[in-house]
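Here are some notes on the empty space inside this protein and at its surface, set out point by point for discussion.

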Amino acid sequence: MLKLSKQTSIIVVAALIGLFIAGASALLFGGGRSASAAAAPEPWVGTDPNAAGGLAFFDSSGHQITGGNLTDSPIATYVVGTTELRAGDSLATLSAVLPDPAKQPAQFSADQLSGSIVYPVSSAPAPIGSTTLPVSPGQAGDESVAILMDDFPQNATAAGYVNTYEVRLKTSAPGKTATINYDFAEITVDKAAGTWTLAYTPASNFPPPSDT
């Protein structure tokens, strides 16, 4: 029988404890993967030259959210684009598209979710009220994800497309057409549960890290 020194025994026990803690963490927290977005973008992301930054969704109190109900109107109280799409613009418009494996991203069928609303929105809670990034403040009567699904059912079965839609934010200004480029986020829908969930959006520095 192999005899270990006292120091070696302590090292072995510490290593076993470390493995146990790591395994428990993986079970509890999914291996440390962020709950706010998927580990990888959808198949068409990276092939679209018009895709710019990401989107951040917020409730009426300024808390960031990563999902909601299909029938929510608006989809979120505030949707913030994480890049300035065009200097001088002052209107933000939210839309959603139906990803289709047989089409290029610019050809995806689109539905407008909101009107073109003025930003910045200084009356919004922090951190939204102080940002100069494009903000789409939701309005009662905005198109819900449920209506989007009725207008454009997602019937694709290809990996990465199932139950998936893309939300886009474009900006404009009086006398100017909307930008070609946009900030975006991929969402997945669960018709049985009646919910949508943020699946992927590009990383950004918005909202800024909390001081608390």
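1. How many cavities of 30 Å³ or more does the count come to? The model is a predicted one, and the count comes to 2 cavities at that cut-off.

2. The largest cavity holds about 50 Å³ of space. Its lining draws on Pro-74, Ile-75, Ala-76 and Val-79, on Leu-94, on Leu-113 and Ser-114, and on Ser-136, Pro-137, Gly-138, Asp-142 and Glu-143. By class, this lining divides into 7 nonpolar, 3 polar and 2 charged residues, with Asp-142 and Glu-143 as the charged members.

3. The second largest cavity has a volume of about 40 Å³, and among the residues that line this cavity are Trp-44, Val-45, Gly-46, Asp-48, Ala-51 and Pro-105. Strand 9 (164-172) and strand 10 (182-190) each contribute at least two residues to the lining, which also includes Glu-166, Arg-168, Tyr-182 and Phe-184. The classes here are 6 nonpolar, 1 polar and 3 charged.

4. Turning to open space, the largest pocket has a volume of about 240 Å³ and a lining of 15 residues, of which Ser-95, Ala-110, Arg-168, Lys-170 and Tyr-182 lie nearest its centre. At least two lining residues come from each of strand 5 (91-98), strand 6 (109-112) and strand 9, and the lining as a whole divides into 7 nonpolar, 5 polar and 3 charged residues.

5. One point deserves attention when the two sites are viewed together: Arg-168 and Tyr-182 line the second largest cavity, and Arg-168 and Tyr-182 are also among the residues nearest the centre of the largest pocket.

Definitions and conventions
Residues numbered from 1 in each chain as written. Predicted model: local features only at pLDDT ≥ 70, side-chain atom pairs only at ≥ 80, totals over all residues. Heavy atoms only, no water. 1 Å grid on protein atoms, 1.4 Å probe; cavity = no way out; pocket = protein on both sides within 12 Å on 5 of 7 lines; lining within 4 Å. Points joined across faces, edges and corners; volume = space filled by probe spheres on them. Helix = DSSP H or I, 4+ residues; strand = E, 2+ residues; numbered from the N terminus.
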